[in-house]
Amino acid sequence: MMNTLSRLFGFLALSAISVSAALADGPAETEVCGPQSPRDISLAGGSNPVAVPGGETPHLCNVHFHEPFEHQGFASVPAASASPGEPVCGSADNGDDVEFHWVYTNCTLPTPAVKGLANCVCDRSDMVLRVFAQTYRVDASGEPPTQPSEDLIRYAGSTTGASYDDKICSMAKVNWEVAAYTRKLDKAALGHWCESNEWIDEHHPHGSRAIVRSEQWLSPFTPQALDGR
């Protein structure tokens, strides 16, 4: 019980620090916040000097999705807005844009599981988060949500969500692996996923953070060559 409370209090403290750290042009703020997400994964650039630690992330600790997209990239997709996702996730319509995130951690998972990213954090000084991201367009003939394994663009960034914008940064550092291309997501499969993930208790879309474009808030990055579709 105390370990669970410690994780919760640690996550709440991290969130409070993140919310209080305002984005600005000065080097001090840049170094406090570290590189931010999401970004346009088709564009090189970025000058944020803060390193995101590497390491093993063996534990899947959370799966959730955002509506609309957060990342922008090689596929012709619109930039996300920062408006929160209000509908129940089983009510998505064909043509809606969503982005799934599979979150991994090197922390030992709490028992029972804690809702949200609190399930992924701990008081380890070498805590590492890794997120796989896949953008989808809801379609009657699509596939179920599946963690991507090919055409992945890797970069260093942060957690995302509607709590952050161009004035509020996230201090939680993340190694991102973002699928370069948007896939079709089966509407019925999305509804089933919403009803069958009790261990993480994710039943609605998260709000989306707008694309981060300022060089000082992006990690140095060059997109890998892809085959172009």
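**Exercise 1. Find how many salt bridges the structure holds, and place three of them in the chain.**

Solution. The structure holds seven salt bridges, a salt bridge being a side-chain nitrogen of Lys or Arg within 4 Å of a carboxyl oxygen of Asp or Glu. The model is predicted: local features need pLDDT of at least 70, side-chain atom pairs count only at pLDDT 80 or more, and totals for chains, interfaces and linings use all residues. Residues are numbered from 1 along each chain as its sequence is written, and side-chain values use heavy atoms, with hydrogens and water left out.

Step 1. Asp93 and Lys187 meet through their side chains at 4.0 Å, N to O. Asp93 sits in the loop between S1 and S2 and Lys187 in helix H3, 94 residues apart. Helices (H or I, at least four residues) and strands (E, at least two) are DSSP runs, numbered from the N terminus.

Step 2. The side chains of Arg137 and Asp97 form a salt bridge at 2.6 Å, N to O. This one links strand S3, which holds Arg137, to strand S2, which holds Asp97, 40 residues apart.

Step 3. For Glu177 and Arg154 the N to O distance is 3.2 Å. Glu177 belongs to strand S5 (residues 173-179) and Arg154 to strand S4 (residues 152-158), 23 residues apart. Arg130, Arg154 and Glu177 are linked in a network of salt bridges.

**Exercise 2. Classify Arg137, Asp97, Glu177 and Arg154 as buried, partly exposed or exposed.**

Solution. Step 1. Apply the cut-offs: buried means under 20% relative accessible area, exposed over 50%, and partly exposed in between (1.4 Å probe, protein chains only).

Step 2. Arg137, at 33% relative accessibility, is partly exposed, whereas Asp97 is buried at 13%.

Step 3. Glu177 is buried at 6%, and Arg154 is partly exposed at 48%.

**Exercise 3. Describe the largest nonpolar core and the elements that supply it.**

Solution. Step 1. A nonpolar core is a set of buried Ala, Val, Leu, Ile, Met, Phe, Trp, Tyr and Cys residues joined through side-chain atoms within 4.5 Å. The largest one has 17 residues, and Phe100, Trp102, Leu185, Leu190 and Trp193 have the most contacts inside it.

Step 2. At least two residues of this core come from each of strand S1 (59-66), strand S2 (97-105), strand S3 (129-139) and helix H3 (187-195). S2 gives the largest share, four residues.

Step 3. Apart from this core lies another, of 15 residues, including Val103, Ala133, Ile153 and Val174.

**Exercise 4. Find the number of aromatic pairs and give the geometry of two.**

Solution. Step 1. The whole structure contains eight aromatic pairs. Rings of Phe, Tyr and Trp (its six-membered ring) pair if their centres lie within 6.5 Å; planes under 30 degrees apart count as stacked, over 60 as edge-to-face and the rest as tilted.

Step 2. Phe100 and Trp193 are edge-to-face because their ring centres are 5.0 Å apart and their planes stand at 85 degrees. Phe100 is in strand S2 and Trp193 in helix H3, 93 residues apart. Phe100 is buried at 0% relative accessible area, and Trp193 is buried at 14%.

Step 3. Tyr155 and Trp176 are stacked, with 6.3 Å centre to centre and 5 degrees between the planes. Tyr155 lies in strand S4 and Trp176 in strand S5, so this pair ties together parts 21 residues apart in sequence. Both Tyr155 and Trp176 are buried.

Step 4. Phe65, Phe100, Trp102, Tyr136 and Trp193 form one aromatic cluster.
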